[in-house]
Amino acid sequence: MNKMKCLYCYHEDVFQPNEILCPVCHQPLLFDLIQFNKASFSYDGEIALQKYRQFLPLPAINLELSLKEGGTPLLRLFSLEKFLNKAGLFAKLEMANPTLSFKDRGTAVVVQKLAEMKIKKIGTVSTGNMASSTAAYAARCGLQAFLLVKKGTSTGALISSAVFEPVIIEVDGDYGQLFYKSYQLGKKYGLYFANSVDPLRLEGYKLTSFEICQQLGHQPNFIFVPVSSGGHLVGLYKGFLELKQAGLIQACPTFIGVQAEGCSPIVQALERGEDKVGKVESINTLAHSISNADPPAGNLVLKIIEENKGQLVSVSDEEMLEAQKLLAVKEGLFAQPEASTTLAAYLKLKETLDGQSVLVLTGHGLKASELPAGHHQKHYESRLDQIDDIFEQIIIDRQTTGTEDSL
Ligand SMILES: Cc1ncc(COP(=O)(O)O)c(C=O)c1O
Ligand SMILES: [Zn+2]
């Protein structure tokens with residue numbers, strides 16, 4: 001159950017807290033693929049962790065430690081299909097998780113393992129979704145949470161974490177180095193650092209692939225995922241690989257990893273024909289959650305994409321905001337710009353795609369504090385006795401500007 005393997009250089013190891021990188025090639029270690037008998041597989045249970053427990057490196061699942069993450073909707077995007085004149089478009093709503101991002105699936109596995117190992121302190125290097133998720137699960141499970149954040153991070157950015165009362169440490173220095181430093185701190189002070197490419201987190205992410213296949217009845221043809229550290233994409237890939245090995249699906253879908261133009265180290269490595277990902281020197285994007293300049297799973301993502309004939313695409317800030325707006329006004333979905341990169345990439349590639357595509361919407365738009373640029377904000381005020389007049393005016397306004405017809 002604690003056997004680990006490196007999917008990059010195939011080194012084998014055993015699971016140890018805070019030793020999550022392969023000692024040979026420094027890519028993240030993964031739990032070994034579960035060898036499992038199709039005949040004995042069952043899907044019963046209240047939450048995803050229980051339904052797919054045979055695929056997890058956990059001896060038991062304790063419901064008390066869960067916030068009922070997972071089991072997120074797979075939504076067919078009918079309105080966008082009509083608008084784009086293209087069938088077979090779906091969104092997996094990972095933003096419907098308890099703290100509004102896919103990170104909960106990973107944190108949920110981490111806290112189960114910590115209970116098994118009797119570790120009472122959890123840490124993470126993040127200011128965004130992972131920090132919020134880690135702090136929430138720590139509160140639920142009675143753990144002490146330590147968040148290492150960049151100096152100067154605004155209180156606003158930390159509200160969705162601070163509300164759970166974790167220990168927050170602002171660190172002045174190289175943020176990339178902090179990732180590696182955190183494991184030293186973890187070993188020294190008895191904390192489990194659950195960072196972006198943690199192998200337990202990846203076990204949670206792989207369940208998203210299981211759900212997509214069950215919800216569709218088969219594997220999709222294409223899956224669009226935003227990529228930063230690379231942890232999420234690797235986890236999803238491992239999920240399809242295990243289903244394939246178990247004989248439950250025929251083939252893995254084609255992966256399309258999406259990065260922001262202003263920070264796209266993995267896309268650049270692929271375009272240059274390199275087999276190693278270099279560090280980006282300056283970051284220039286509003287998509288902060290996907291702006292890891294030195295992605296710890298970068299080389300592995302590159303290998304997975306190349307070996308499986310996947311694609312890596314970068315999109316501009318304008319393209320992701322336009323896509324965010326389309327998801328909102330056409331489908332009623334408020335996704336983070338980072339998550340909307342998936343639709344932006346789909347729009348670029350759609351003529352070349354044949355079959356069903358799933359956009360993984362990784363985080364909710366409410367995580368950003370301002371209305372994105374380019375959105376029309378129409379705000380009216382009215383006294384109750386004036387409401388007829390105001391309504392009348394709005395209807396006339398919309399007819400004259402043609403807004404009504406475009407909906
Ligand atoms: C909303 C959102 N999407 C995508 C990602 C990228 O995930 P990963 O770092 O695992 O590649 C993140 C990472 O924090 C995120 O917050
Ligand atoms: Zn290795």
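Begin by selecting Gly123 and Phe146, for in this predicted model Phe146 of strand E7 is the bridge partner of Gly123. Keeping Gly123 selected, add Phe193, which stands opposite Gly123 in strand E9.

**The sheet around strand E6**

Next, widen the selection to strand E6, residues 121-125, and colour its residues by burial: 4 of the 5 are buried, and the strand is therefore best described as mostly covered. Now show strand E7, residues 144-150, which runs parallel to E6 and is joined to it by 5 bridges. On another pairing of E6, select strand E9, residues 192-193, where 2 bridges make the connection and the strands again run parallel. If you add helix H4 to the view of E6 and E7, you will have in front of you a right-handed β-α-β unit made by E6, H4 and E7.

From E7, move on to strand E8, which runs parallel to E7 and is joined to it by 5 bridges; to find a place to look, select Val149 and Glu170, since Val149 stands opposite Glu170 in E8. With these strands shown together, you can follow an open sheet of 4 strands in the order E8-E7-E6-E9, with parallel pairing. Its edge strands are E8, residues 167-171, and E9, each of which pairs on one side only.

**Helix H10 and the strands E11 and E12**

Turn now to helix H10, residues 298-307, which is largely enclosed by the rest of the structure, because 7 of its 10 residues are buried. To see which ones these are, select Gly298, Asn299, Leu300, Val301, Leu302, Ile304 and Ile305. Then bring in what surrounds them: the buried residues of H10 pack against helix H8, strand E11 (254-260), helix H9 (265-271) and strand E12 (311-315). After the helix comes Lys309, and selecting this residue lets you inspect a backbone phi that is positive, near 55 degrees.

Strand E12 deserves its own selection: 4 of its 5 residues are buried, so this strand, too, is largely enclosed by the rest of the structure. Show E11 beside E12, and you will find the two strands paired in the parallel sense over 5 bridges; Gln259 and Ser314 make one place to look, Ser314 being the bridge partner of Gln259 in E12.

**The largest nonpolar core**

In soluble globular proteins, nonpolar side chains tend to be buried together. Here the largest nonpolar core has 106 residues, and those that touch the most other members are Ile122, Ile223, Phe224, Val225, Ile266, Val301 and Leu361. Helix H4 supplies the largest share of this core, with 7 residues.

For a view of one such residue, centre on Phe224 and set aside its neighbours within four places in sequence; Phe224 is then in contact with Ile256, Val258, Thr342, Ala345, Tyr346, Ser357, Val358, Leu359 and Val360.

**The shell around ligand 1**

Finally, select ligand 1 and the 20 residues around it, among which Ser228, Ser229, Ser289, Thr362 and Gly363 come nearest. The elements that give two or more residues to this shell are helix H4 (129-141), helix H8 (231-245) and helix H12 (337-349), and H8 gives the most, with 3 residues. Colouring the shell by class will show 6 nonpolar, 13 polar and 1 charged residues.

How values were computed. Residues are numbered from 1 along each chain as its sequence is written. Chains are lettered from A and ligands numbered from 1 in the order in which they are written. This is a predicted model: local features need pLDDT of at least 70, side-chain atom pairs count only at pLDDT 80 or more; totals for chains, interfaces and linings use all residues. A residue is near a molecule or strand if its C-beta atom, placed from the backbone, lies within 6 Å of it. Ala, Val, Leu, Ile, Met, Phe, Trp, Tyr, Cys and Pro count as nonpolar, Asp, Glu, Lys and Arg as charged, and the others, Gly among them, as polar. A nonpolar core is a set of buried Ala, Val, Leu, Ile, Met, Phe, Trp, Tyr and Cys residues joined through C-beta atoms within 7 Å. A residue is buried if 20 or more other C-beta atoms lie within 10 Å of its own, exposed if 12 or fewer, and partly exposed in between; C-beta atoms are placed from the backbone. Two residues are in contact if their C-beta atoms, placed from the backbone, lie within 7 Å. Two strands pair if DSSP finds at least two bridges between them. A crossover is right-handed if, with the strands pointing away from the viewer, the path from the first strand over the helix to the second runs clockwise.
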